[in-house]
Amino acid sequence: MTKLYDVIIIGAGPAGLAAGLYAGRARLSTLIIEKGQDGGQISITDEIENYPGQNPEGESGPELIARMAKQAEKFGAERASDTIKEVDLTGDIKKIKGTKGEYEAKTVIIATGAFPRPIGCKNEGQYIGKGISFCATCDAAFFEDFEVYVVGGGDAAVEEAVYLTKFARKVTIIHRRDELRAAKSVQEKAFANDKISFLWDTVVDSVDGDGILSSMVVKNKKTGELTTITADEDDGMFGLFGFIGYLPRSELFEGQVDMKDGYIITDEDMKTNLPGVFAAGDIRVKSLRQVITAAADGAIAAVQAYKYIEG
Ligand code: NAP
């Protein structure tokens with residue numbers, strides 16, 4: 001017989017793990033289901049500097065997330081590694097089907113987060129993992145002494161561009177406008193870095209190469225001018241990193257949970273339109289998507305799940 005959990009948490013990023021910690025401490029029988037590695041986006045973040053109480057010298061996302069996971073497990077949260085394919089969240093008993101098993105709970109906390117937005121250029125799919133990447137922490141070392149290009153102008157793009165200068169010979173930020181969106185302190189680091197240059201008002205139109213990325217066409221948005229960028233002959237390739245925001249991982253819940261632009265709508269108690277169903281972290285409509293706000297959402301959702309179960 002399928003075990004009936006008090007709460008099932010889908011996703012083991014900061015929101016899901018914080019929810020697991022709070023649910024475990026409330027003595028709710030808790031299952032956290034994650035399809036890949038723990039941490040969501042911060043598992044691919046090289047340096048976290050702004051999570052209160054962390055090592056002030058800075059620490060990596062995986063280090064921080066490993067402690068969060070350990071803490072949730074310490075208070076009894078069970079773990080399952082499974083990819084969820086189908087959910088029925090409308091009844092009193094919430095039913096969840098994965099590729100490996102079926103799960104049931106009185107409450108569900110959706111903490112599935114978001115994934116990197118594709119660059120949106122022609123042939124992109126052919127070169128992912130062959131020059132195109134969305135994770136500097138994972139792939140920077142492949143570009144030791146090569147040239148790399150970074151698309152985007154927000155905090156992620158600029159911070160990761162600075163990180164990439166530790167490996168690459170030269171880093172060029174390609175941004176669709178003529179000013180960055182990133183925080184001023186982050187911008188200052190990039191402007192002060194000799195290895196970083198900028199292509200303003202520019203987007204990537206197409207990418208090409210012989211199996212590995214070695215050329216691309218960029219387009220000036222103001223003039224419409226197309227320019228071909230080719231890898232240095234000795235290099236034979238270059239890197240292209242995309243950091244242009246995220247898309248919500250919410251398709252599973254479409255038609256059941258109310259959403260806006262794919263993000264789940266909650267109230268300030270993380271309640272969705274469905275009784276016993278909560279959402280926490282980047283998956284939700286909110287103004288600030290950070291580790292701290294994800295963790296806070298998770299705590300609130302778990303406390304509300306407890307209150308819901310207690311009636
Ligand atoms: P973001 O702040 O939304 O920035 C996305 C960037 O990509 C923007 O510069 C945007 O250009 C550009 N962009 C969006 N769609 C594009 C497209 N189709 N083609 C070309 N460019 C496109 O995203 P983010 O940098 O990933 O950050 C997400 C959230 O995490 C933010 O709240 C950010 O503050 C936070 N974050 C914080 C830190 C930190 O505090 N250390 C680090 C990383 C991320 P426009 O500027 O023209 O819109």
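Is M270 buried or exposed? Hold that thought for a second, and keep in mind that what we have up on the screen is a predicted model.

Okay, M270. With a relative accessibility of 3%, M270 counts as buried, because the cut-off for buried is under 20%. You'll find M270 in the loop between β18 and β19, the latter being residues 277-279. The backbone there caught my eye: M270 isn't a glycine, yet its phi is positive, near 70°. As a reminder, most residues other than glycine have a negative phi.

There's another one of these, D261. Its phi is positive too, about 50°, and again we're not talking about a glycine. D261 sits in the loop that links β17, residues 259-260, to β18, residues 263-264. So what about the solvent side of things? D261 has a relative accessible area of 67%, so it is exposed, whereas M270 is buried.

Right, on to the helices. Have a look at α1, residues 14-25, and α7, residues 291-310: their axes come within 7 Å and cross at roughly 35°. The crossing of α1 and α7 is right-handed. Which residues in α1 meet α7? On the α1 side we've got P14, A15, A18, A19, Y22 and A23. Facing them from α7 are V291, A294, A295, G298, A299, A302 and V303. If you sort the residues of that contact by type, you get 12 nonpolar, one polar and no charged.

Now α5, residues 155-164. Its buried residues are A157, V158, E160, A161, Y163 and L164, so yes, there's a glutamate on that list, E160. And what do those buried residues pack against? Quite a mix: the helices are α4 (136-139) and α6 (184-191), and the strands are β9 (147-151), β10 (170-174), β11 (196-199) and β15 (239-242).

Last stop, the ligand. There are 17 residues around the ligand, and N50, D155, R177, R181 and Q290 come nearest. D155 takes us back to α5, since that helix covers residues 155-164. Let me walk you through a few polar pairs. For R177, an N or O atom in the side chain is 2.6 Å from a ligand oxygen. A156 comes in through its backbone, with a polar atom 3.0 Å from an oxygen of the ligand. E159 uses its side chain, where an N or O atom is 3.0 Å from a ligand nitrogen.

That's my tour; happy to go back to any of these spots on the screen.

Key:
Residues are numbered from 1 along each chain as its sequence is written. This is a predicted model: local features need pLDDT of at least 70, side-chain atom pairs count only at pLDDT 80 or more; totals for chains, interfaces and linings use all residues. Side-chain values use heavy atoms; hydrogens and water are left out. Axes are lines fitted to C-alpha atoms, for helices over the stretch in contact, and angles run from 0 to 180 degrees between N-to-C directions. Helices (H or I, at least four residues) and strands (E, at least two) are DSSP runs, numbered from the N terminus. A crossing is left-handed if the near helix is turned anticlockwise from the far one by less than a right angle, and right-handed if clockwise. Contact means heavy atoms within 4.5 Å. Ala, Val, Leu, Ile, Met, Phe, Trp, Tyr, Cys and Pro count as nonpolar, Asp, Glu, Lys and Arg as charged, and the others, Gly among them, as polar. Buried means under 20% relative accessible area, exposed over 50%, partly exposed in between (1.4 Å probe, protein chains only). A residue is near a molecule or strand if one of its heavy atoms lies within 4 Å of it. A polar contact is a pair of N or O atoms within 3.5 Å; within protein, one must be able to donate a hydrogen and the other to accept it, and residues adjacent in sequence count only if both atoms are side-chain atoms.
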